[in-house]
Amino acid sequence: MRNLAVASILVVLSGTFVYMTAGHDITFGRPVNTQMDDYFLARGQEQTGANNVVTAVVFDFRGFDTLGEATVLFVVVLGIGMLFRKLMAREEEESE
Amino acid sequence: MSKIVRAAADFLYPFVMIFGFYIVLHGHLTPGGGFQGGAVIATGIALMFAAHRYREISLIFKKAIFNVCETFGLLMFITFGFAGIFFGKSFLYNWMVNIPGMLFGEAVAYGQNAGNLNTGGIIPLLNIAVGVEVLGALSLIIYYMLTYVVKMGVNKEDAS
């Protein structure tokens, strides 16, 4: 019964998605509002001095996002270090 | 690992390193950047860890080096961000761009061009910071796991 409910919800959601993408509201690759893209392409080189527009967006227009990613990686390493130290300490206690 | 693997890894190691640093330093001109280049460099270090014995390689690649790399990279990124405030702009403002005579300060022409390494303002510096951080972080993950495997005696003949 529960599987049936989940399956019917999935069918309804995917059906709605296909219906909307079939030429009604969402168009892939041809966005309706392109002001942001046009701005980056027109002013990116002049304002950031970088030929690579992707890098211009990632490191300049959205540098704060990159700072968050770097912090996430730092915290990941911190967690792994704590985990393995804990594991090693526990197994040394058990072996003694 | 066997002598063939060790010799091949020793041969490939400088090329992997050069390619990684090239990706980091040319991040504002070609596809790639700090994250990708740092991952390539960490792959080279992982190759050395995989090919050599733990007690030999842990004398060359020390944990403190990777720790310093990781911390220094993140601190460098934040420092360049706060330098924008120091020069009267906002956090992470590109305060070095389009100032002739400044490092990475030359202006770039609009449209397709061959690219000039001496452009981009703080973007190349942030790329280097992120590259140093990623190489330290990924190597440190490998180092922790390998140390655990060696210390706990899992497959002691293979790892040590």
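In helix H2(B), the residues Gly34(B), Phe35(B), Gly38(B), Ala39(B), Ile41(B), Ala42(B), Ile45(B), Ala46(B) and Phe49(B) meet Asn127(B), Val130(B), Gly131(B), Val134(B), Leu135(B), Leu138(B), Ser139(B), Ile142(B), Tyr143(B) and Leu146(B) of H5(B), a contact being heavy atoms within 4.5 Å. By class, the contact of H2(B) with H5(B) splits into 14 nonpolar, 5 polar and no charged residues; here Ala, Val, Leu, Ile, Met, Phe, Trp, Tyr, Cys and Pro count as nonpolar, Asp, Glu, Lys and Arg as charged, and the others, Gly among them, as polar. The model is a predicted one, with local features needing pLDDT of at least 70 and side-chain atom pairs counting only at pLDDT 80 or more, while totals for chains, interfaces and linings use all residues. Residues are numbered from 1 along each chain as its sequence is written, chains are lettered from A and ligands numbered from 1 in the order in which they are written, and side-chain values use heavy atoms, with hydrogens and water left out.

Now for the geometry of that pair. Two packed helices are described by the angle between their axes and the distance between the axes. H2(B) and H5(B) pack at about 30°, with axes 7 Å apart. Axes are lines fitted to C-alpha atoms, for helices over the stretch in contact, and angles run from 0 to 180 degrees between N-to-C directions. The crossing of H2(B) and H5(B) is right-handed (the near helix is turned clockwise from the far one by less than a right angle, anticlockwise being left-handed). Helices themselves are DSSP runs of H or I with at least four residues, numbered from the N terminus.

Ala42(B) gives a residue-level view of this packing. It belongs to helix H2 (residues 34–51) of chain B, and counts as buried because its relative accessible area is 3%; the cut-offs are under 20% for buried, over 50% for exposed and in between for partly exposed, using a 1.4 Å probe and protein chains only. Leaving aside residues up to four places away in sequence, Ala42(B) touches Leu135(B), Leu138(B), Ser139(B) and Ile142(B). Its C-alpha atom is 9.8 Å from that of Gly131(B), and the two residues are 89 apart along the chain.

H5(B) has other helix partners. With H4(B), the axes come within 7 Å and cross at roughly 150°, so the two helices are roughly antiparallel (angles over 145 degrees count that way, and those under 35 as roughly parallel). The crossing of H4(B) and H5(B) is left-handed, and the contact has 16 nonpolar, 4 polar and 3 charged residues. Across the chains, the axes of H4(A) (residues 63–95) and H5(B) come within 10 Å and cross at roughly 15°, which means that H4(A) is roughly parallel to H5(B). By class, 18 nonpolar, 3 polar and 4 charged residues make up the contact of H4(A) with H5(B). The crossing of H4(A) and H5(B) is left-handed.

The loop between H4 and H5 of chain B holds a few points worth a look. Leu92(B) sits in this loop and has a positive phi of about 65° despite not being a glycine; with a relative accessible area of 7%, Leu92(B) is buried. Phe104(B), in the loop as well, has a positive phi of about 55° and is not a glycine either. Phe104(B) is buried, at 14% relative accessible area.

Asn116(B) lies in the loop between helix H4 (63–86) and helix H5 (123–151) of chain B, and counts as partly exposed because its relative accessibility is 30%. Not counting residues up to four places away in sequence, it touches Asn51(A), His28(B), Leu29(B) and Glu106(B). A polar atom of the Asn116(B) side chain lies 3.0 Å from the backbone nitrogen of Asn118(B). The C-alpha atoms of Asn116(B) and Ser139(B) are separated by 31 Å, with these positions 23 residues apart along the chain counted as their separation.

Over in chain A, Gln45(A) is part of helix H2 (residues 35–48) and is buried at 9% relative accessibility. Beyond residues up to four places away in sequence, Gln45(A) touches Ala50(A), Asn51(A), Val108(B), Ala109(B), Tyr110(B), Gly111(B) and Asn113(B).

Terms used
Polar contact = N/O pair within 3.5 Å; in protein donor to acceptor, adjacent residues only side chain to side chain. Parallel < 35°, antiparallel > 145°, perpendicular 65-115°, else oblique.
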